[in-house]
Amino acid sequence: MGLFEGVKLENKKGELVDAETALAGKKVALYFSASWCGDCTPITSKLATLYEMVNEENDELEIVWVSSDEDKESMDAYWKKHADYLRIPYESILRSELPQKYGVFGGRHVSRYPGVERKNGIPGLVVINKAGDVLVFDGVGDIEKKHAEAAADWPKFS
């Protein structure tokens, strides 16, 4: 069973799309960030550049944004600064399940996940396969070291 089986993701037009269809055959990374995270802003910009460069010729990379914003208005405002990738809708339970599953959340949210080991703060970028297994945990580190070339080594969502 796939991590996104039966799940709808939201595109920049506000449309809900079938996650498995949208992610099929691509490299997939979960991007954990929030509008209130100062460290997220430069990574969001670098990630947008990477996304556009990788997908310039072939549509082979999909980013799924997992927002830690406290309200929909903040999430929507920050969404305007992101590239044309997908996001977990504000109302979706996955906005809390995915940070818990991967241990990637801001320090201010530690109390939301009692007993969960915080493996990384935000920004966080985790490359996954269809089952949700981690293929690359430190995608942010990859981008910092390799820039747009980072995604070349990431496996596809299968």
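In which sense do β3 and β4 pair, and over how many bridges? In this predicted model, the two strands run parallel, and seven bridges join β3 to β4. One contact point is F32, which stands opposite V66 in β4. The connection belongs to a β-α-β unit made by β3, α2 and β4. That unit is right-handed.

β3 also pairs with β6. Here the sense is antiparallel, and the bridges number five. Y31 has L125 of β6 as its bridge partner. β3 thus has β4 as a parallel partner and β6 as an antiparallel one. Seven of the seven residues of β3 are buried, so the strand is largely enclosed by the rest of the structure. Its side chains point two ways. K27, A29, Y31 and S33 point one way from β3, while V28, L30 and F32 point the other way. Both sets are buried, and K27 is among the buried residues.

The largest nonpolar core holds 49 residues. F4, Y31 and W154 touch the most other members of this core. At least two core residues come from each of α1 (19-23), β3 (27-33), α2 (40-54), β4 (61-67), α3 (72-79), α4 (94-102), β6 (124-128) and α5 (139-146). The largest share, seven residues, is supplied by α2. The three elements of the β-α-β unit, β3, α2 and β4, are thus among the contributors to the core. Y31 links two of these descriptions: Y31 pairs with L125 in β6, and Y31 is one of the core residues that touch the most other members.

Aromatic contacts were examined next. The count comes to six aromatic pairs. W65 and Y78 form an edge-to-face pair, with 5.7 Å centre to centre and 70° between the planes. W65 lies in strand β4 and Y78 in helix α3, so this pair ties together parts that are 13 residues apart in sequence. Both W65 and Y78 are buried. W65 forms a further pair with W79, and this one is stacked. The ring centres of W65 and W79 are 5.5 Å apart, with 5° between the planes. This pair links distant parts of the chain, as W65 is in strand β4 and W79 in helix α3, 14 residues apart. W79 is buried, as is W65. W65, Y78 and W79 belong to one aromatic cluster that also includes Y51 and Y85.

Two charged side chains lie over aromatic rings. K12 lies over the face of W79, at 4.7 Å from the ring centre. W79 is thus the ring beneath K12 and a member of the aromatic cluster. R108 lies over the face of W36, at 3.8 Å from the ring centre.

A search of the whole structure finds one disulfide. C37 and C40 form this link, with their sulfur atoms 2.4 Å apart. The angle about the S-S bond is 85°, and the link is right-handed. Buried means under 20% relative accessible area. C37, at 7%, is therefore buried. C40, at 0% relative accessibility, also counts as buried.

One cis peptide bond remains to be described. I122 and P123 are joined by a cis peptide bond, with omega about 5°. P123 is found in the loop between α4 and β6. β6 is the strand that pairs with β3 in the antiparallel sense.

Notes
Residues are numbered from 1 along each chain as its sequence is written. This is a predicted model: local features need pLDDT of at least 70, side-chain atom pairs count only at pLDDT 80 or more; totals for chains, interfaces and linings use all residues. Side-chain values use heavy atoms; hydrogens and water are left out. A disulfide is a pair of cysteine sulfur atoms within 2.5 Å. Buried means under 20% relative accessible area, exposed over 50%, partly exposed in between (1.4 Å probe, protein chains only). A nonpolar core is a set of buried Ala, Val, Leu, Ile, Met, Phe, Trp, Tyr and Cys residues joined through side-chain atoms within 4.5 Å. Helices (H or I, at least four residues) and strands (E, at least two) are DSSP runs, numbered from the N terminus. Two strands pair if DSSP finds at least two bridges between them. A crossover is right-handed if, with the strands pointing away from the viewer, the path from the first strand over the helix to the second runs clockwise. Rings of Phe, Tyr and Trp (its six-membered ring) pair if their centres lie within 6.5 Å; planes under 30 degrees apart count as stacked, over 60 as edge-to-face and the rest as tilted. A charge sits over a ring if NZ of Lys or CZ of Arg is within 6 Å of the ring centre and within 35 degrees of the ring normal.
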